[in-house]
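This report describes a ligand site and some backbone details. The sequence and structure come first, and the text follows.

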Amino acid sequence: MKRPGLRLRITALYTVIFAASFGVFFLSAYHLVDTQLNQDATNELTDRVEGLRGYLQFENDVPVLHYNAEIPEISLFVRNATRFYQIYDLSHGGLVTQSPDMRLLGLSFVPQELELSRNGILDVNTDDGPLRFLNTRMKSPLGTEFLLQVGVSLKPMRDALHRFARLGLWLGPLALVLAATSGWFLASSALTPVRAIVRAVRKLELSTLHQRLPISGTDDELDQLAVTFNDAFSRLDAAVGEMKQLMGSMAHELRTPLAALRGEAEIALLHGTSIEELKRVLASQLEEIDRLSRLIGQILTVTKAESGLLSLERKPVDVEALLNDLADTLSVLASAREISLSLESVSPLVASGDEQWLKHALLNVLDNAIKYTPAGGSVAVRGYQTANQVVIEVRDTGIGIPADALPHIFERFYRAESSRAKDIEGVGLGLNLTKWIVDHHDGKIEVTSHPGAGTRVELRLPRAGVS
Ligand code: ADP
């Protein structure tokens with residue numbers, strides 16, 4: 001099932017939280033008002049009882065009210081206080097006096113009920129609404145016990161409570177509608193920048209990768225989101241730029257040998273007279289085709305390495321065995337070029353890494369040393385271990401690298417002018433790949449060179465078993 005939109009979820013959450021808060025607030029307020037009104041009723045009752053007791057005197061051992069009816073306040077007080085009023089003689093439980101309202105309500109109690117409610121508060125439901133009574137014992141000078149019972153109507157209090165509850169029932173749904181509407185608008189305005197980001201990202205194409213989302217400068221979460229997107233765009237832009245550059249360089253590198261092939265074929269077709277001559281052209285073309293295959297192979301390896309899909313192994317690699325193998329393989333090439341190739345290594349020489357990729361890196365460096373060293377020169381390979389590194393040093397007495405070319409030798413398709421001029425075969429991808437491999441082994445590659453005297457390449461790789 002599809003989840004409802006974020007705006008709807010925020011609104012719903014906001015409304016639920018608001019409803020819960022309103023409910024808790026209202027119930028607490030209701031409880032508070034109820035307690036206060038109850039307390040007020042009891043206080044008023046106590047005041048009435050105390051006031052009345054002041055006016056009660058005993059005549060012939062019977063309590064009688066004595067007050068000055070001329071004074072309006074006293075008269076009003078006594079009238080109010082005696083609306084629900086009766087006195088029992090506790091010696092026999094009989095009524096001594098009773099107010100007309102009490103008589104009308106038929107509220108007289110049998111002695112057992114009086115026992116239960118003595119000196120206490122008693123709430124009674126009557127036809128005239130709820131009443132609260134306060135029972136107080138009195139003793140006449142002759143020792144007869146009486147029970148004074150004064151009541152007050154709880155109806156005004158209950159009515160006030162009902163009005164309060166009704167107000168809550170009206171206000172509740174109204175506040176809920178208000179909360180939902182304001183929640184909806186709040187969520188909408190909070191999500192407006194997010195929608196702007198979504199729109200901008202949707203419009204994104206390869207040609208518009210350079211565009212950036214606007215930053216408000218408040219450094220809030222939305223700004224951080226926009227900054228994150230912009231960072232991602234920048235990385236994407238850089239990666240696409242690199243890809244474009246790689247494709248451009250590839251096209252350029254492939255065009256020259258293809259043009260040479262075409263030129264040779266054209267000349268052979270136009271001017272080729274003998275089978276021998278055609279054979280010679282075909283042989284030269286085969287060489288060129290081999291060069292092309294090697295170039296494509298190298299491009300494939302670089303692309304594979306940079307695809308990010310490769311995971312390099314981290315296993316102990318016997319670098320000594322690897323160097324011996326490579327020296328064996330390359331010795332034929334070296335002696336064909338009249339170059340002395342020597343290998344000196346201190347056992348053990350075990351690096352942590354991926355054997356195939358490390359072999360590739362070492363082959364590139366050794367191949368370069370032989371390639372860029374003229375006949376009669378030498379290539380010396382030395383391997384040794386330090387506390388936590390395996391060091392491989394390759395020295396040659398070759399043509400060297402000019403100082404201005406040295407910072408660029410790890411760039412893709414870069415070739416020093418001196419090597420191009422001497423027509424030495426190469427495409428400028430070997431060191432780029434070697435650096436990629438060394439970097440991905442957390443190693444280091446350093447090249448120092450003296451033009452005309454030779455070059456020294458030093459590879460430092462992590463030793464196996466050292467974390
Ligand atoms: P290439 O295929 O041209 O050898 P590399 O990436 O292996 O490509 O090397 C880049 C450039 O660095 C070479 O074209 C060359 O100019 C220079 N270079 C690398 N190694 C050596 C070396 N041992 N002696 C002289 N120049 C070197």
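A residue is called buried under 20% relative accessible area, exposed over 50%, and partly exposed in between, with a 1.4 Å probe and protein chains only. At 56% relative accessibility, D219 counts as exposed. Its phi is near 60 degrees, a positive value in a residue other than glycine. N60, at 77% relative accessibility, is exposed too, and its phi, near 50 degrees, is likewise positive in a residue other than glycine.

The model is predicted: local features need pLDDT of at least 70 and side-chain atom pairs pLDDT 80 or more, while totals for chains, interfaces and linings use all residues. Residues are numbered from 1 along each chain as its sequence is written, and side-chain values use heavy atoms, with hydrogens and water left out.

Around the ligand there are 19 residues (a heavy atom within 4 Å). N368, Y372, R415, S419 and L431 come nearest. By class, the shell has nine nonpolar, seven polar and three charged residues; here Ala, Val, Leu, Ile, Met, Phe, Trp, Tyr, Cys and Pro count as nonpolar, Asp, Glu, Lys and Arg as charged, and the others, Gly among them, as polar.

The table lists polar contacts of ligand oxygen atoms (pairs of N or O atoms within 3.5 Å).

| Residue | Partner atom | Distance |
|---|---|---|
| R415 | side-chain N or O | 2.6 Å |
| A416 | polar backbone atom | 3.1 Å |
| G430 | polar backbone atom | 3.2 Å |

The protein covers 98% of the 530 Å² of accessible area that the ligand has on its own (Shrake-Rupley method, 1.4 Å probe).

A cis peptide bond joins S347 and P348, with omega about -10 degrees.

Technical notes: A polar contact is a pair of N or O atoms within 3.5 Å; within protein, one must be able to donate a hydrogen and the other to accept it, and residues adjacent in sequence count only if both atoms are side-chain atoms.
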